[in-house]
Amino acid sequence: MRNSAAMEKLKRVYRITWVSALIFFVMTLPPRHFFQVVAVTEVRPASVLNPLLGLFYGPPGVLGCALGNLAADVLSGYGSDMCLLGFGVQIIYGILPWLLWKRKGWRVRLNTAASVLRYMVVMLIDSGLTALLLGGAMAITGIGRILSLTTLMLFLNNFVFCMILGIPMILVYTYRGLEKRGENFSLNERFIIIFLGLAIVSAATIGYIAYTELAPRVSDPLNLWNRVYIYIAVYLFVVCIIVNFFLRYAEYHITIPIEKLAQIAGDYIHTGGEETLDTRTIVERCNRYAYIHSEVGNLAEALRDMALRLEHYIEYVTKAAANQERIRAELNVAAQIQADMLPAVFPKRKDFSIFASMHPAKEVGGDFYDFFMVDETHLAMAIADVSGKGIPAALFMVISRTLIKNQVLMNQGPGEVLANVNQQLCENNQAQMFVTVWLAILDLRSGELRAANAGHEYPALRRAGGQFELIKDKHGFVLAGMENMRYREYTWQLHAGDTLFVYTDGVPEATNAANALFGSERMLAALNTAETNEPAIILETVRQAVNAFVGEAEQFDDLTMLALTYHGSWQRELTVEARRENWEKVFQFIEAGLQALSCPLKTCIQLETAAEELFVNVASYAYPGGIGSITIRLTQLENPDRVQLCFIDQGIAYNPLQQQEPDITLSAEERGIGGLGIHMVRKSMDAFTYQYLDGSNIVTIEKKINS
């Protein structure tokens, strides 16, 4: 058995060595032929293999790379002295990271900010030392000096490719290991992957741009590539340091606390069913994150407080009937904690009105609603119903609400939010609980509402001047019901005066003494009796209708409702043919609108000047060989107080933001014609955007009224 194991180990070492040698040899020859810079070096992507295969497979990987390099050097006609010295340097280059990393007991995994910084420092040291050793080899063989531009290029080449190619290789290596164990990247690792991926892509882009800009002007290949590498290396070093600081902050305040709190919550739900709750441990673990001034800290506090309250509740339940009043008192406290978590302040705004209410069937419930501003122009709304009643549902409700809000605040769409929260809730869900959710994000400027439905009730919508109707949207599966679910988003267009009503199944399934259901038809009838758009009155009307129907029967389910009336923003629109001579009509339309908004003269002039430039561009170039229309939309935005001008045409696709800015330091003859108009628009407006949507060019400019 021992001999068999030794043979298998020897075969594995042999296989790693020669596969590494072959890969290195194949990756070395093409660049040496096509991207040779000087006689002894070239643009060398294969330089990433020595340290990385050394980290992955130890000395066999290092030896394989050194043999592959030796074969390539011999085939390239290098002298025997240089080949042997190069072989030794390649051994040192590959073995040094292994000695610095693996011998310290560190895992080859970029799962923390410290591991990212460690990798960058190790590769800097390894690349620098290797460059000096190769410089020494060139000095010994008489083909170069220790410190030279060639040495600099060797150093930069090694470091750049160890970052740009090495980091993805480590991530792939880590993923394969996790996949074998049935695991996945942690939340913190996903953060690291995203930001390192952005850094690598942007660094490669900068290198490409630098090469295309410098190649026509720098004839010396060594000087050219040194410059390109310097751009990439400096950018990578600076960005990675900044990213490292951000990731370190995220580890302490966002990602790792969320992972730990999710684990605590899962353990808490699990232990609540079968084992004695170790509340002291839960409180101690929650207190480690309660200091964070964010939703993460709020979640830790909520879990801690709920654990303390529920511990008393479980103790009291096991006691005699004489303790029932004390149990009720504790439940009242839990109910107050739950109620305090839901929004209780309903803003009075020009662009929308909102109101919500929750009436639990027991002291605490599993329903919840939520609304909050994602940013200054987007409102998020959610309503949900957790399976079951009482304390377990309330705890699951706390977790679900906090996770949903955290995901939305990361600027994710409703469908993506529900998919991510579903994955988190499925982890350690031993209680087999689930939650239905309707989630939407409303663009307060345009009235566009993006929503997704995870098995929740159909929303009701009343268009201005119309009647409430159920909108039978596409349902996804409930959250925490099954892993890896996807949720389809859909879009509505709200107009001024439209009212939205969402609710939990406690409304249509309210039951009277005869076991008859209130139903959707009675709910719509109650909604349509409310002749006002005031959300609070609409909810009270439905509440009274439900109470009248139920009568003396016991409330069976939580009753939760939310209503929103969209008032829209001040807006005017004009459509004309895209002809230069129609500018006067457009000018009068814009001027009249700005006067109606009491816009200052300076702002009026800036907006009208920018508008003329954009209109003339469309009239001149959008419809070659024909005449089309252009729509001008003038909108007042509430927060902050701004004016928005939108130009919409169906001409050829053209993005003015891609136009290269003119060099205004040059004279008119040197600069040439064109470009100043768009440059003026960029400089004078607070916002300048473009999108091509459904065959239309949409150019938007914005300006603060009181700027």
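This tour proceeds through one chain, from the whole model to individual residues. The model is predicted.

**The whole chain**

Begin with the complete chain in a cartoon representation, in which 21 helices and 18 strands can be traced. Of its 707 residues, 50% are buried. Among contacts with a separation of 6 or more, 71% join residues 24 or more positions apart. Switching to a surface representation shows the exposed area, about 33900 Å², of which carbon and sulfur atoms supply 56%.

**The positive patch**

Next, select Lys 11, Arg 12, Arg 15, Arg 176 and Lys 180, which form a patch of positive charge on the surface. Two helices, helix 1 (2-34) and helix 7 (166-180), each contribute at least two residues to this positive patch. The largest share, 3 residues, belongs to helix 1. Within that helix, centre the view on Arg 12. Arg 12 has a relative accessibility of 42% and therefore counts as partly exposed.

**Helix 2**

Now move to residues 49-57, which constitute helix 2; 8 of its 9 residues are buried, so the helix is largely enclosed by the rest of the structure. To display the buried positions, select Leu 49, Asn 50, Pro 51, Leu 52, Leu 53, Gly 54, Leu 55 and Phe 56. Then select Gly 58, just after helix 2, where the backbone takes a positive phi of about 75°.

**The nonpolar patch**

Return to the surface and select Leu 149, Leu 152, Ile 230, Val 234, Phe 237, Val 238 and Ile 242. Together these residues make a nonpolar surface patch of about 570 Å². Helix 6 (149-164) and helix 9 (221-253) each supply at least two of the patch residues, and the largest share, 5 residues, comes from helix 9. On the helix 6 side, select Leu 149. With a relative accessible area of 45%, Leu 149 is partly exposed.

**Thr 504**

Leave the surface and select Thr 504, in the loop between strand 12 (498-503) and helix 16 (519-529). Is Thr 504 buried or exposed? Its relative accessible area is 0%; because buried means under 20%, Thr 504 is buried. Which residues is Thr 504 in contact with, leaving aside its neighbours within four places in sequence? Displaying the surroundings of Thr 504 shows contacts with Asp 367, Ile 383, Ala 384, Asp 385, His 456, Glu 457, Asp 558, Leu 559 and Thr 560.

**Helix 21 and strand 17**

Finally, select residues 676-684, which form helix 21, and show the side chains of the buried residues Ile 678, His 679, Val 681 and Ser 684; Gly 677 is also buried. What covers the buried residues of helix 21? The cover includes helix 19 (601-621), strand 17 (687-693) and strand 18 (696-704).

From this cover, select Ala 687 in strand 17. Not counting residues up to four places away in sequence, Ala 687 touches Thr 700, Ile 701 and Glu 702. As a last step, draw a distance between the C-alpha atoms of Ala 687 and Gln 644: the value is 9.0 Å, for two residues 43 apart along the chain.

Definitions and conventions: Residues are numbered from 1 along each chain as its sequence is written. This is a predicted model: local features need pLDDT of at least 70, side-chain atom pairs count only at pLDDT 80 or more; totals for chains, interfaces and linings use all residues. Side-chain values use heavy atoms; hydrogens and water are left out. Helices (H or I, at least four residues) and strands (E, at least two) are DSSP runs, numbered from the N terminus. Buried means under 20% relative accessible area, exposed over 50%, partly exposed in between (1.4 Å probe, protein chains only). Contact means heavy atoms within 4.5 Å. Accessible areas come from the Shrake-Rupley method with a 1.4 Å probe; for residues, only the protein chains shown count as cover. Patches are made of residues with over 30% relative accessible area and no salt bridge: like charges are joined within 9 Å, nonpolar side chains (Val, Leu, Ile, Met, Phe, Trp, Tyr) within 5 Å. A salt bridge is a side-chain nitrogen of Lys or Arg within 4 Å of a carboxyl oxygen of Asp or Glu. Lys and Arg count as positive and Asp and Glu as negative; His and the chain ends are not counted. The place of a charge is taken as NZ of Lys, CZ of Arg, CG of Asp or CD of Glu.
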